[in-house]
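Me: Please take a close look at one part of the structure shown here. I am new to it, so a careful, connected account would help.

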Amino acid sequence: MVAQASLQTLPWEELGKSLRITDELRAALGDSYVDFSRSFSHLVGSFEDPSISLLTMPPVVSQMPGPEFFNATQLLNVITIEKPNTELAEQEELASEQIRQETEEALEPLLANLDPSLGRLWRGAQAALVSRNPDRIRHFVTSLRELFTHVLHRLAPDDEVHAWSTSPEHFSQGRPTRRARLLYICDPIDHHAFRQFVEKDVTLVLEFLSLFQRGTHEVDVSYTEPQLLALRVRMESVIRFMLEVSRCRM
């Protein structure tokens, strides 16, 4: 597996080196990734349990966590390693391009089905990335976060989450927490390891997004095109993931 090979060459003590993050942020990013990686391993291991049949579960359970793990590892690599292993980088680029194309083809109709305006927001983020606007990166990152938030709240509206749960732990100041919304989206899938993976996946992707958003306010932080592309693929993929999971409620 390409992602596993990448992890073996990753200098953990230099996580996020090219983004010039602090030791505190590096530790937080490392912890989030480790939690995410463990949840992925636990999910894959659960498929070997004879009491669990993948045939009775939606395809999204077995088909999409792998690409999510690859995308997360790829983004971690490009913000850490300045001169990657050439042979391994070629394999990663091929895999990343395949995932990007598949994601784009699936994401557009999924967004349009949820709300046509979301497709315009997504295309706006793409346009910002390739524009010559000196403020393009801030617009790009902000648009991605806005798109993610809109999708999450459309898939798990306040009133529906309130009808689904009355547990105090699912609410903060009267509104559903992010975790509650994700649990609501995953509710039709009766597999704890999968729900846990989705939660860890989203937590990590927002950690990445915050690092990029932090850098848009600091003059001495710059991003390479491979880093921005990896962030785009990562965000588009996790949004598609949530949309695909939500279809299990239909």
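Reply: What follows looks closely at one helix and its charged residues, and then turns to a few other places.

The model is predicted, so local features need a pLDDT of at least 70 and side-chain atom pairs count only at pLDDT 80 or more, whereas totals for chains, interfaces and linings use all residues. Residues are numbered from 1 along each chain as its sequence is written, and side-chain values use heavy atoms, with hydrogens and water left out.

The part in question is helix H11, which has 22 residues, 225–246; helices (H or I, at least four residues) and strands (E, at least two) are DSSP runs numbered from the N terminus. From its first C-alpha to its last, H11 reaches 32 Å, close to the expected 32 Å, where the expected span is 1.5 Å times one less than the number of residues. Because 19 of its 22 residues are buried, H11 is largely enclosed by the rest of the structure; here buried means under 20% relative accessible area, exposed means over 50%, and partly exposed lies in between, with a 1.4 Å probe and protein chains only.

Within this helix, Glu-236 forms a salt bridge with Arg-232, their closest N and O atoms being 3.0 Å apart; a salt bridge is a side-chain nitrogen of Lys or Arg within 4 Å of a carboxyl oxygen of Asp or Glu. The two residues are four apart in H11, about one turn of the helix. An α-helix has 3.6 residues a turn, so residues three or four places apart point the same way. Both partners are buried, Glu-236 at 2% relative accessibility and Arg-232 at 13%.

Arg-232 also takes part in a salt bridge with Glu-104, whose closest N and O atoms are 2.2 Å apart. This pair links distant parts of the chain, since Glu-104 lies in helix H5 and Arg-232 in helix H11, 128 residues apart. Glu-104 is partly exposed, with a relative accessibility of 21%.

Helix H5 (residues 86–114) holds another such pair, Glu-97 and Arg-100, which are three residues apart and so separated by about one helical turn. Their salt bridge brings the closest N and O atoms to 2.6 Å, with Glu-97 partly exposed at 30% and Arg-100 buried at 17%. Taken together, Glu-97, Arg-100, Glu-104, Arg-232 and Glu-236 are linked in a network of salt bridges, and the structure as a whole holds 16 salt bridges.

A third helix, H10 (residues 192–215), contains Asp-201, which is buried with a relative accessible area of 0%. Leaving aside residues up to four places away in sequence, Asp-201 touches Phe-36, Glu-68, Arg-234, Val-238 and Phe-241, where contact means heavy atoms within 4.5 Å.

As for cysteines, the structure holds zero disulfides, a disulfide being a pair of cysteine sulfur atoms within 2.5 Å. Cys-186 is in no disulfide, and the nearest cysteine sulfur, that of Cys-248, is 8.6 Å away. Cys-186 is buried, with a relative accessible area of 2%, while Cys-248 is partly exposed at 23%.

In contrast to the buried residues described above, Gln-173 is exposed at 82% relative accessible area. Gln-173 sits in the loop between strand E1 (171–172) and strand E2 (175–176), and has a positive phi of about 55° although it is not a glycine.
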